[in-house]
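User: I would like a close look at one helix of this model and at what surrounds it. Please place that part within the whole chain and then go through the other local features that deserve attention.

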Amino acid sequence: MTHVDNSAESQVEKVPDHPPTRKLSAGERRAALAPGAGGKRTGDKVFGGISTAAGVSILLLLAAVFIFLLFSSGNILITPGEELAERVGFTRGKTFWEFAGVTVFGTLLAAIIALIIAVPFAVGIALFISHYAPRKLASAFGYMIDLLAAIPSVVFGLWGMWTLEPVMRPIFSWLSSFLTPIFEWISGTPEKLENGEVVWQGGIPGFNYAAANWDWWPLAPDAAAFIPPARNILMGGIILAIMILPIITSLAREVFLQTPRLQEEASLALGATRWEMIKMVVLPHGRSGIVSASMLGLGRALGETMALLMVLSPGLEINFKLMSPGQHSTIASQIALRFPEASGIESDFLIALGLILFVITFVVNFIARSIVARYAEFSGANA
């Protein structure tokens, strides 16, 4: 018995120990898990090189455009403003920065008007296509919206100038007759004395002072005055709204269709109406998508040229006379209007305006990305 026990112990002692396992580093784990770890295939190398080249080419193209604009407009940026005002005839005596400020104001004003008009309509149309219309009607309606995005801007300009403008005249006249008494009650009215002095009468204290001393005051009585024809910045904003409507609608529709079906059915099962379900489930889920679509439409509106050039009667003023012609102008329309006849310093002047538009577009897109990231973080999709 003792002999057997000793034999078993000796057998146990003869079992060799396993060597300790070495822990792999992070780089070794990534290399082991990488596709084609046994050796990269030719297809992986080619595809990786093409993808890298495509990504780098975008940065190079953006840098090339910026460098061209910067170097071509360098003389304008360092030339004294008074000299430019004398040598460039279409500035009407304004320095470069004064002229740029006027056109930037008109560009932003037209784009904001377009967004205010287009976004509610686009969201409503997208909800109709995604949640209300029958499938066949929704498909046809979506096709028509996509087709609207393919219409050239010059066609919109012709249509707006010859068809929409006569239609909008009575609407602008009614709007002017409705808003002018309200603005007069808020800001008062100017009264000219016999000696030629203008005295401001009536209005709310503070508001009447602003109307009497600030030409850009948005609630001045003449801010709502309509002077035909309807070739004003409000008409330009309406044309831009129609042009960006398909873009915002298409993106918002796709976002609304991505709403989880189970969440919609759960909301309806708990007794919510269809509108309550859309308000509590669909819109929170698609909030970041709506912001993204709106910012993309804003980028299209900022750079639009031909439609505004054909519809808008240009001016070089900073005010909120939205229904008066000859008040505002945009950067893109000024470049398209002046560049064919420009030469020398005038061409450089317009290229400098293009540099400002480039910077504005870049800043708007940067802000848009920040807004989209913030809304996506608190979106209903992440709840």
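Analyst: The model is a predicted one, and the protein in it has 16 helices and 2 strands. Of its 383 residues, 36% are buried, while the surface that the protein exposes comes to about 22700 Å², with carbon and sulfur atoms supplying 66% of that area. Among contacts between residues at least 6 apart in sequence, 73% join residues that are at least 24 apart.

The part to examine closely is helix 12, which covers residues 274-285. Helix 12 has 12 residues, and the distance from its first C-alpha to its last is 15 Å, close to the 16 Å expected at 1.5 Å a residue. The buried residues in helix 12 are Met277, Ile278, Val281, Val282 and His285. Viewed down the axis of helix 12, these buried residues fall within an arc of 120°, and therefore they line one face of the helix. The cover over the buried residues of helix 12 includes helix 6, helix 10 (233-257), helix 11 (261-269) and helix 13 (287-302).

Two of these covering elements can be followed further, beginning with helix 13. Helix 13 has 16 residues and reaches 23 Å from its first C-alpha to its last, close to the 22 Å expected at 1.5 Å a residue. The buried residues in helix 13 are Ser288, Gly289, Ile290, Val291, Ala293, Ser294, Met295, Gly297, Leu298, Ala301 and Leu302.

Arginine 274, with which the residue range of helix 12 begins, lies over the face of tyrosine 132, at 5.3 Å from the ring centre. Residue 132 is also where the range of helix 6 (residues 96-132) ends.

Helix 6 leads on to the aromatic contacts, since the structure holds 14 aromatic pairs, and one of them is formed by phenylalanine 128 and phenylalanine 141, edge-to-face, with 5.6 Å centre to centre and 70° between the planes. This pair links distant parts of the chain, with phenylalanine 128 in helix 6 and phenylalanine 141 in helix 7 (residues 135-148), 13 residues apart. Phenylalanine 128 counts as partly exposed because its relative accessibility is 32%, and phenylalanine 141 is likewise partly exposed, with a relative accessible area of 29%. In another pair, the rings of tyrosine 209 and tryptophan 214 have their centres 6.4 Å apart and their planes at 80°, so this pair too is edge-to-face. Tyrosine 209 counts as exposed at 51% relative accessibility, whereas tryptophan 214 counts as partly exposed at 36%. Beyond these pairs, Phe90, Phe96, Trp97, Phe99 and Phe349 form one aromatic cluster.

Backbone geometry offers two further details, against a general background: most residues other than glycine have a negative phi, and most peptide bonds are trans. Arginine 92 has a phi near 60°, a positive value in a residue other than glycine. Arginine 92 is placed in the loop between helix 5 (81-87) and helix 6, and arginine 92 is exposed, with a relative accessible area of 56%. The other detail is a cis peptide bond, with omega about 0°, that joins proline 228 and proline 229. Proline 229 is found in the loop between helix 9 and helix 10, and helix 10 is among the elements that cover the buried residues of helix 12.

Two single residues complete this account. Serine 153 lies in helix 8 (residues 153-187) and counts as buried because its relative accessibility is 18%, which is under the 20% limit used for that term. Leaving aside residues up to four places away in sequence, serine 153 touches Met243, Glu304, Met306 and Ala307. Isoleucine 204, by contrast, is found in the loop between strand 2 (198-201) and helix 9 (207-213), and isoleucine 204 is partly exposed, with a relative accessible area of 29%. With residues up to four places away in sequence again left out, isoleucine 204 touches Trp185 and Ile186. Isoleucine 204 and isoleucine 186 are 18 residues apart in sequence, yet their C-alpha atoms are 5.4 Å apart in space.

Notes:
Residues numbered from 1 in each chain as written. Predicted model: local features only at pLDDT ≥ 70, side-chain atom pairs only at ≥ 80, totals over all residues. Heavy atoms only, no water. Helix = DSSP H or I, 4+ residues; strand = E, 2+ residues; numbered from the N terminus. Buried < 20%, exposed > 50% of the residue type's maximum accessible area, 1.4 Å probe, protein only. Contact = heavy atoms within 4.5 Å. Areas by Shrake-Rupley, 256 points an atom, 1.4 Å probe, with all protein chains shown as cover. Phe/Tyr/Trp six-rings, centres within 6.5 Å; stacked < 30°, edge-to-face > 60°. Lys NZ or Arg CZ within 6 Å of the ring centre and 35° of its normal. Expected span 1.5 Å × (residues − 1). Arc of directions from axis to C-beta.
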